[in-house]
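This report goes through one protein chain, from its overall make-up to the pairing of its strands and the contacts of a single residue. Please keep the sequence and the structure in view while reading.

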Amino acid sequence: MRTGLFLVLLAALTCGPARGDENAAEELQVDTLVKPEPCSVLSRMGDTLQIHYTGKLMDGKVIDSSLSRDPLVVELGKRTVIAGLEQSLVGVCAGQKIKATIPSHLAYGKKGYPPTIPGDAALEFEVEVISLTQQTPWQKVVNDVFPLVCLALVPTLLGLVGIYLYKKANAQKPSKKKAKDKKIKKK
């Protein structure tokens, strides 16, 4: 009986009430506000989007907006924006408007971005996709295959340099005595 009571008490203390802000998001949540009727082309990693966005803290305070500027150009997979925003832009089409609630670990994390964004802050972005340009096959080769080829070339070149240096170090050097003997024989 005591053991059972102890386990219940221990579970209550460790699980206890949730800590932190009740408004903080735990997972990325994406809600579609407007979706155009012919939405046949969806974004994928490698595609380029032009977006207008408004970023807010969960209390509604605006932290950044592109509405007064040119649209932001985002190439998916290049990490030009925070991870949560990039993830929310996969699977959207031109003309679509979304609202993304981004947890802190997919935004600016524990450190935040002082003084504008406090640490452990969840963010809310309203995004309008202005245009979508799909990745061409050539871009796919450059983005996916070329880095792998470069990674393979580095060890290959290092190996060739090592073989050259090894052969050069182990090559027999003609002794001075043998060189003199050859000169004498020529005379």
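In what follows, a contact means heavy atoms within 4.5 Å. The model is a predicted one.

## Overall make-up

The protein chain contains 4 helices and 6 strands, and when it is read along the sequence these elements follow the pattern α-β-β-β-β-α-β-β-α-α. Of its 187 residues, 25% count as buried, and the chain exposes about 14100 Å², of which carbon and sulfur atoms supply 60%.

How much of the contact set, counted at a separation of 6 or more, comes from residues 24 or more positions apart? Such pairs account for 68% of those contacts in the protein chain.

## Helix H3

Helix H3 covers residues 137–170, which makes 34 residues, and the distance from its first C-alpha to its last is 48 Å, close to the 50 Å expected at 1.5 Å a residue. The helix nevertheless bends by about 35° at valine 145, and proline 147 follows within four residues of that position.

## Strand pairing around S6

Strand S6 (residues 123–133) runs antiparallel to strand S2 (residues 48–57), and 10 bridges join the two; within this pairing, histidine 52 has glutamate 128 in S6 as its bridge partner. Strand S6 also pairs with strand S5 (residues 97–102), again in the antiparallel sense, over 6 bridges, and here threonine 101 stands opposite glutamate 124 of S6.

## Salt bridges

Side chains of opposite charge can pair when their charged atoms come close. The structure holds 3 salt bridges. One of them joins the side chains of glutamate 126 and lysine 56, with an N to O distance of 3.9 Å; because glutamate 126 lies in strand S6 and lysine 56 in strand S2, this pair ties together parts that are 70 residues apart in sequence. Glutamate 126 counts as partly exposed at 35% relative accessibility, and lysine 56 counts as partly exposed at 22%.

A salt bridge is also found between the side chains of glutamate 124 and lysine 99, at 3.9 Å from N to O. Since glutamate 124 belongs to strand S6 and lysine 99 to strand S5, the pair ties together parts that are 25 residues apart in sequence. Is glutamate 124 buried or exposed? Its relative accessibility is 17%, so glutamate 124 counts as buried, the limit for that class being under 20%, whereas lysine 99, at 26%, counts as partly exposed. Aspartate 64 and arginine 69 likewise meet through their side chains in a salt bridge of 3.4 Å, N to O; aspartate 64 is partly exposed, with a relative accessible area of 30%, and arginine 69 is partly exposed as well, with 42%.

## The surroundings of threonine 54

Threonine 54 lies in strand S2 and is buried, with a relative accessible area of 14%. Its C-alpha atom is separated by 6.7 Å from that of valine 127, although the two residues are 73 residues apart along the chain.

Which residues does threonine 54 touch, not counting those up to four places away in sequence? They are Val62, Asp64, Ser65, Leu67, Glu124, Phe125 and Glu126. Several of these have appeared above as salt-bridge partners: Asp64 pairs with arginine 69, Glu124 with lysine 99, and Glu126 with lysine 56.

Methods: Residues are numbered from 1 along each chain as its sequence is written. This is a predicted model: local features need pLDDT of at least 70, side-chain atom pairs count only at pLDDT 80 or more; totals for chains, interfaces and linings use all residues. Side-chain values use heavy atoms; hydrogens and water are left out. The expected span of a helix is 1.5 Å times one less than its number of residues. The bend at a residue is the angle between axes fitted to the seven residues ending there and the seven starting there. Buried means under 20% relative accessible area, exposed over 50%, partly exposed in between (1.4 Å probe, protein chains only). Accessible areas come from the Shrake-Rupley method with a 1.4 Å probe; for residues, only the protein chains shown count as cover. Two strands pair if DSSP finds at least two bridges between them. A salt bridge is a side-chain nitrogen of Lys or Arg within 4 Å of a carboxyl oxygen of Asp or Glu.
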